[in-house]
Amino acid sequence: TDIYIEFQILDAEGFPIASPLRTKHCAVRDMHRWDEWIAFPLKYKELPCDALISMTIWDIYSPTKQALIGSAIIPITSRKGFVFFGCFF
């Protein structure tokens, strides 16, 4: 089984700010070697203070079929404006 993660930056109402990006496919048995960076073409100063990041994990179980494993939406900054996530996840 292969999986990949799709990331998207959203505004506070859930509307996309940038196009989604996704990781390469990774075999579940090789996840301990999954080392990949995702970089959006945005700077922190270009984001609204209440921006969110959406992460969705997909399972690819055939060449034409995939299934949702799980998803989460997390704020990028705290209420005081501190960045939760730097350049890594």
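The exercises below work through the strands, the core and selected residues of a predicted model.

Residues are numbered from 1 along each chain as its sequence is written, and side-chain values use heavy atoms, with hydrogens and water left out. As the model is predicted, local features need pLDDT of at least 70 and side-chain atom pairs count only at pLDDT 80 or more, while totals for chains, interfaces and linings use all residues.

**Exercise 1. Describe the chain as a whole.**

Task: state how many helices and strands the chain has, and what part of the chain is buried.

Solution.
- Step 1. Helices (H or I, at least four residues) and strands (E, at least two) are DSSP runs, numbered from the N terminus. The chain has zero helices and five strands, and its pattern along the sequence is β-β-β-β-β.
- Step 2. Buried means under 20% relative accessible area, exposed over 50%, and partly exposed in between (1.4 Å probe, protein chains only). Of the 89 residues, 27% count as buried.
- Step 3. Areas come from the Shrake-Rupley method with a 1.4 Å probe; for residues, only the protein chains shown count as cover. About 6600 Å² of the chain is exposed, and carbon and sulfur atoms supply 58% of that area.
- Step 4. Contact means heavy atoms within 4.5 Å. Among contacts between residues at least 6 apart in sequence, 47% join residues at least 24 apart.

**Exercise 2. Trace the strand pairing.**

Task: find which strands pair with E1 and which strand forms a hairpin with E4.

Solution.
- Step 1. Two strands pair if DSSP finds at least two bridges between them. Strand E1 covers residues 2-10 and strand E4 covers residues 52-62. Nine bridges join E1 and E4 in the antiparallel sense.
- Step 2. Within this pairing, Glu-6 is opposite Thr-56 and Gln-8 is opposite Ser-54.
- Step 3. E1 also runs antiparallel to E2 (residues 21-22), with two bridges; here Phe-7 faces Leu-21.
- Step 4. A further two bridges join E1 to E3 (residues 26-27), again antiparallel, and Asp-2 has Ala-27 as its bridge partner.
- Step 5. E4 and E5 (residues 65-75) are antiparallel and share ten bridges. They form a hairpin with two residues between them, and Leu-52 is bridged to Pro-75 in E5.
- Step 6. Seven of the nine residues of E1 are buried, so E1 is largely enclosed by the rest of the structure.

**Exercise 3. Identify the largest nonpolar core.**

Task: list the residues of the largest nonpolar core and say which element gives the largest share.

Solution.
- Step 1. A nonpolar core is a set of buried Ala, Val, Leu, Ile, Met, Phe, Trp, Tyr and Cys residues joined through side-chain atoms within 4.5 Å.
- Step 2. The largest one has ten residues: Ile-5, Phe-7, Ile-9, Ala-18, Phe-40, Leu-47, Ala-51, Ile-53, Met-55 and Ile-76.
- Step 3. Two elements, E1 and E4, give two or more residues to this core. E1 has the largest share, three residues.
- Step 4. In soluble globular proteins, nonpolar side chains tend to be buried together.

**Exercise 4. Place Ala-18 and Phe-40.**

Task: say where Ala-18 is found and which residues Phe-40 contacts, leaving aside neighbours within four places in sequence.

Solution.
- Step 1. Ala-18 is in the loop between E1 and E2. Ala-18 counts as buried because its relative accessibility is 13%.
- Step 2. Ala-18 contacts Gln-8, Ile-9, Phe-40 and Leu-42, with neighbours within four places left aside.
- Step 3. On the same terms, Phe-40 contacts Phe-7, Gln-8, Ile-9, Ala-18, Ser-19, Leu-21 and Ile-53.
- Step 4. Ala-18 and Phe-40 are 22 residues apart along the chain, and their C-alpha atoms are separated by 7.6 Å.

**Exercise 5. Examine two polar residues of E4.**

Task: are Ser-54 and Asp-59 buried or exposed?

Solution.
- Step 1. Ser-54 lies in E4 and is buried, at 14% relative accessible area. Not counting residues up to four places away, Ser-54 touches Glu-6, Phe-7, Gln-8, Leu-10, Ala-72 and Ile-73.
- Step 2. Asp-59, also in E4, counts as buried at 17% relative accessibility. Beyond four places in sequence, the contacts of Asp-59 include Thr-1, Asp-2, Ile-3 and Lys-65.
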